[in-house]
Amino acid sequence: MLITLRAVGGEAIARKPVHELTGALYYLMARRREERGAFPTFEEAAHAGCAVPTDAEVADLGEWAPLALRVAYETTLVDMQRHARLHGYELLFAELQGATHARGAHRPAFSFLACRARRRAVLVVRGTQDLSDIVTDSRAHATRFCGGWAHAGMARTARWLQRELGPCLLHLSEICGCEIVLAGHSLGAGVAALLAALLLP
């Protein structure tokens with residue numbers, strides 16, 4: 001992991017010896033543990049005043065979480081289809097491997113699933129798993145996005161999905177009357193959220 005970090009992290013990190021990066025990561029994690037230990041109710045305080053999820057939202061999360069956490073990480077189309085069917089969905093198509101192109105565009109690993117009974121289509125973007133995802137993660141500088149700021153790698157990936165799948169998603173929504181759900185895990189969740197902002201009218 002540290003060698004990959006050096007390879008994609010830019011010149012400042014590339015010049016650091018691996019043992020220094022290891023030590024830095026260790027002390028950073030220790031510092032975070034110390035902060036949580038000194039203030040164990042930090043998460044609760046940070047979320048004070050946030051709305052409590054409704055029963056319907058919790059039910060939706062229970063339906064979509066297995067798609068983002070399990071189905072998206074299957075390594076073959078057959079296993080992805082089998083696993084999706086266990087949750088009432090059919091696999092329409094998928095990209096099992098992400099790819100970074102020469103001009104910087106990034107195609108993420110994703111799966112497109114449908115539930116005919118609910119007239120619902122779910123685009124699931126996988127989280128970090130391979131080198132192309134690490135490249136996307138490493139483009140962590142802020143970039144202008146939809147009137148605000150976003151993680152540059154995630155924004156670039158969301159724009160790629162908009163170009164490639166946006167017309168299909170809009171057709172399913174507007175012409176076929178399907179509910180469209182964008183989901184993901186980790187890196188994929190960030191990309192899905194940014195894609196939602198791009199697709200909003």
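R119 is partly exposed, with a relative accessible area of 45%; partly exposed covers the range between buried (under 20% relative accessible area) and exposed (over 50%), with a 1.4 Å probe and protein chains only. The model is a predicted one, in which local features need pLDDT of at least 70 and side-chain atom pairs count only at pLDDT 80 or more, while totals for chains, interfaces and linings use all residues. Residues are numbered from 1 along each chain as its sequence is written, and side-chain values use heavy atoms, with hydrogens and water left out.

The phi angle of R119 is positive, near 50°, in a residue other than glycine. R119 sits in the loop between strand 4 and strand 5 (120-125). S186 also has a positive phi, of about 60°, and is not a glycine. The loop that holds S186 runs between strand 8 (179-184) and helix 9 (187-199). The relative accessibility of S186 is 46%, so S186 counts as partly exposed.

Helices and strands are DSSP runs numbered from the N terminus (helices: H or I, at least four residues; strands: E, at least two). The chain has nine helices and eight strands. Helix 9 contains 13 residues. Its expected span is 1.5 Å times one less than its number of residues. That gives 18 Å, and the end C-alpha atoms are 19 Å apart, which agrees. Buried residues in helix 9 are L187, G188, G190, V191, A192, L194, L195 and L198. Their cover, counted by contact (heavy atoms within 4.5 Å), includes strand 5, helix 7 (131-138), strand 6 (142-145), strand 7 (148-151), helix 8 and strand 8.

Aromatic pairs were assigned from the rings of Phe, Tyr and Trp (its six-membered ring), with centres within 6.5 Å; planes under 30 degrees apart count as stacked, over 60 as edge-to-face and the rest as tilted. Three aromatic pairs result. The ring centres of F93 and F110 are 6.2 Å apart and the planes stand at 90°, so this pair is edge-to-face. F93 belongs to strand 1 (residues 90-95) and F110 to strand 4 (residues 110-115), and the pair links distant parts of the chain, 17 residues apart. F93 is partly exposed, at 34% relative accessibility. F110 is buried, with a relative accessible area of 5%.

F110 also pairs with W160. This pair is tilted, at 6.5 Å centre to centre and 55° between the planes. W160 lies in helix 8 (residues 152-174) and F110 in strand 4, so the pair ties together parts 50 residues apart in sequence. W160 is buried, as is F110. One aromatic cluster is formed by F93, F110, F112 and W160.

F110 appears again in the cavity analysis, among the residues that line the largest cavity. A cavity is a set of points, on a 1 Å grid over the protein atoms alone, where a 1.4 Å probe fits but cannot get out; lining residues have an atom within 4 Å of a point. Grid points are joined across faces, edges and corners, and a volume is the space filled by probe spheres set on the points. The structure holds one cavity of 30 Å³ or more. The volume of the largest cavity is about 40 Å³. Its lining consists of A72, E74, M80, E95, L96, A109, F110, S111, V124 and R126.

Over the chain of 201 residues, 34% are buried. Of the contacts between residues at least 6 apart in sequence, 52% join residues at least 24 apart. The chain exposes about 12,300 Å², of which carbon and sulfur atoms supply 59%; accessible areas come from the Shrake-Rupley method with a 1.4 Å probe, and for residues only the protein chains shown count as cover.

Terms used:
On a 1 Å grid over the protein atoms alone, a cavity is a set of points where a 1.4 Å probe fits but cannot get out, and a pocket is an open set with protein on both sides within 12 Å along at least five of seven lines; lining residues have an atom within 4 Å of a point.
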